[in-house]
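Hi there,

Here is the structure I promised to pass on to you. Have a look at it first, and my notes on what turned up follow below.

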Amino acid sequence: MSASVARVPTGSASRYLQQLAKHWAHKMTVVFDTESATIDFPNGSRLEMRGDSETLDVVLTVPEDGNVARMRGVVEEHLNRFAFREAPLTFDWR
């Protein structure tokens, strides 16, 4: 498994993580509340998010045979869609 971590500056972390969780809940296994969310993708990847008043912390785990860059792009694209007022968000993937 390959893990990518990003700290995304935003004052709306709770709103964005809840919107993304609800958006994907009909396709994937999703568990969320106002401060955190876990989304399990069909390809074996997992997205974990935790938000506070200043940042959205994102941990993306992708299986060894998965496309890390593609999965990062999917996460960024969807979060930026919900954050259209302040997009593009800054993802400092590590």
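A word on naming before the notes: helices here are DSSP runs of H or I with at least four residues, and they are numbered from the N terminus. Please also keep in mind that this is a predicted model.

With that naming, S14 belongs to helix α1. S14 has a relative accessible area of 27%, so it falls into the partly exposed class, between the 20% and 50% limits. Its C-alpha atom lies 16 Å from that of A87, a residue 73 places away along the chain.

**The two helices**

How do α1 and α2 pack against each other? Helix α1 covers residues 13-24 and helix α2 covers residues 68-82; their axes are 9 Å apart and meet at an angle of about 115°. That angle makes the two helices roughly perpendicular. The crossing of α1 and α2 is right-handed.

On the α1 side, the residues that take part are Y16, Q19, L20, H23 and W24, and they meet V74, H78, L79, R81 and F82 of α2. Sorted by class, this contact has six nonpolar residues, three polar ones and one charged one.

V68 is also in helix α2. With a relative accessible area of 22%, V68 is partly exposed. Leaving out residues up to four places away in sequence, V68 touches S2, S4 and V62. The C-alpha atoms of V68 and M1 are separated by 10.0 Å, with their positions 67 residues apart along the chain.

**Aromatic pairs**

There are two aromatic pairs in the model. For background, a pair of aromatic rings is described by the distance of the centres and the angle of the planes.

Take W24 and F41: their ring centres are 5.2 Å apart and their planes stand at 70°, so this pair is edge-to-face. It joins distant parts of the chain, since W24 sits in helix α1 and F41 in the loop between β3 (36-40) and β4 (46-51), 17 residues apart. Are these two residues buried or exposed? W24 counts as buried at 4% relative accessibility, and F41 is buried too, at 10%. You will have met W24 already, as it is one of the α1 residues in the contact with α2.

F91 and W93 also form an aromatic pair, and this one is stacked: the centres are 5.7 Å apart, with 15° between the planes. F91 has a relative accessibility of 13% and counts as buried. W93 is likewise buried, at 16%.

**T10 and E86**

T10 lies in the loop between β1 (2-9) and α1. Its relative accessible area is 4%, which means that T10 is buried. Which residues does T10 contact, leaving aside neighbours within four places in sequence? They are Y16, D52, S53, E54, T55, L56, E86 and L89.

E86 is worth following from there. It is in the segment after α2, and at 33% relative accessibility E86 counts as partly exposed. Beyond its neighbours within four places in sequence, E86 is in contact with P9, T10, S12 and Y16. Y16 therefore appears in the contact lists of both T10 and E86, where contact means heavy atoms within 4.5 Å. By contrast, E86 and G66 are 20 residues apart in sequence and 30 Å apart in space, C-alpha to C-alpha.

**Two more places to look at**

In the segment after α2 you will also find P88. The peptide bond that joins A87 and P88 is cis, with omega at about 0°.

Finally, K27 is in the loop between α1 and β2 (29-32). K27 counts as exposed, with 58% relative accessibility. The C-alpha atoms of K27 and D40 are separated by 9.7 Å, and the two residues are 13 places apart along the chain.

Happy browsing, and all the best

Terms used. Residues numbered from 1 in each chain as written. Predicted model: local features only at pLDDT ≥ 70, side-chain atom pairs only at ≥ 80, totals over all residues. Heavy atoms only, no water. Axes fitted to C-alpha atoms, helices over the stretch in contact; angles between N-to-C directions. Parallel < 35°, antiparallel > 145°, perpendicular 65-115°, else oblique. Left-handed = near helix turned anticlockwise from the far one by under 90°. Nonpolar A, V, L, I, M, F, W, Y, C, P; charged D, E, K, R; others polar. Buried < 20%, exposed > 50% of the residue type's maximum accessible area, 1.4 Å probe, protein only. Phe/Tyr/Trp six-rings, centres within 6.5 Å; stacked < 30°, edge-to-face > 60°.
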